[in-house]
Amino acid sequence: MLSKLISAHAEADKLDVRRSDEVLAPVEMLADAAGAQWRFLRARVDELAKATTGLDVVALTRVLHAVLNLHLDLERRILSARDEPPHSS
């Protein structure tokens, strides 16, 4: 179930960034990084579902927590870059 939620959120992120007519290159790069993070998170959630020891569960949970915190920071950067007015040359 968590894996499905991650996939749905990742897809929504992609649509949100792609919605604007003129996506700035930095926003596109940040969005690509976010997509990579979602793929990493989904793989770790799948590993967590198959974990057989308490140590594996704790280790994977700590990894998920750390990457989710990094992802929240990245999402703030995406929103900030997306909403920033274009710089005039």
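Does R44 count as one of the buried residues or one of the exposed ones, and what is its relative accessibility? Keep that in mind while we walk through this model, which is a predicted one.

Let's start with the overall layout. The protein chain is built with three helices and zero strands, so to speak an α-α-α run if you read from the N terminus. There are 89 residues in the chain, and 22% of them count as buried. About 6,500 Å² of the protein chain is exposed, and 62% of that area comes from carbon and sulfur atoms. What about residues that touch each other across the sequence? Take the contacts between residues at least 6 apart in sequence: 66% of them join residues at least 24 apart.

Now step into helix α2, which covers residues 25-50 and holds both R44 and E47. Back to the opening puzzle: R44 counts as buried, because its relative accessibility is 17% and the cut-off for buried is under 20%. R44 has a partner, too. It forms a salt bridge with E47, and the closest N and O atoms are 2.5 Å apart. These two residues sit three apart in the helix, which is about one turn. Why does that spacing suit a pair of side chains on a helix? An α-helix has 3.6 residues a turn, so residues three or four places apart point the same way.

R44 also has an aromatic neighbour: R44 lies over the face of F40, at 4.5 Å from the ring centre. If you go hunting for aromatic pairs, though, a search of the whole structure finds zero of them.

How exposed is E47, the other half of that salt bridge? With a relative accessible area of 37%, E47 is partly exposed, whereas R44 is buried. From E47 you can also look across to V57, which is ten residues away in sequence and 9.0 Å away in space, going from C-alpha to C-alpha.

Next comes helix α3, which spans residues 54-83. This helix has 30 residues and reaches 43 Å from its first C-alpha to its last, close to the 44 Å expected at 1.5 Å a residue. Which residues of α3 are buried? They are L60, L64, V67, H71, L74, E75, I78 and A81. Notice that the list includes H71 and E75 alongside residues such as L60 and V67.

Helix α3 has its own salt bridges, and D73 is a good place to begin. The side chains of D73 and R76 meet in one, at 4.0 Å from N to O. D73 and R76 are three residues apart in α3, about one turn of the helix. D73 also meets R77 in a salt bridge, this time at 3.0 Å from N to O. R77 and D73 are four residues apart in the helix, again about one turn. Salt bridges that share partners join D73, R76 and R77 into one network.

How do the members of this group sit relative to the surface? R76 is exposed, because its relative accessible area is 53% and exposed means over 50%. D73 is partly exposed, with a relative accessible area of 31%.

Put the pieces together and the salt bridge count comes to three: R44 with E47 in helix α2, R76 with D73, and R77 with D73.

How values were computed:
Residues are numbered from 1 along each chain as its sequence is written. This is a predicted model: local features need pLDDT of at least 70, side-chain atom pairs count only at pLDDT 80 or more; totals for chains, interfaces and linings use all residues. Side-chain values use heavy atoms; hydrogens and water are left out. Rings of Phe, Tyr and Trp (its six-membered ring) pair if their centres lie within 6.5 Å; planes under 30 degrees apart count as stacked, over 60 as edge-to-face and the rest as tilted. A charge sits over a ring if NZ of Lys or CZ of Arg is within 6 Å of the ring centre and within 35 degrees of the ring normal. Buried means under 20% relative accessible area, exposed over 50%, partly exposed in between (1.4 Å probe, protein chains only). Contact means heavy atoms within 4.5 Å. Accessible areas come from the Shrake-Rupley method with a 1.4 Å probe; for residues, only the protein chains shown count as cover. The expected span of a helix is 1.5 Å times one less than its number of residues.
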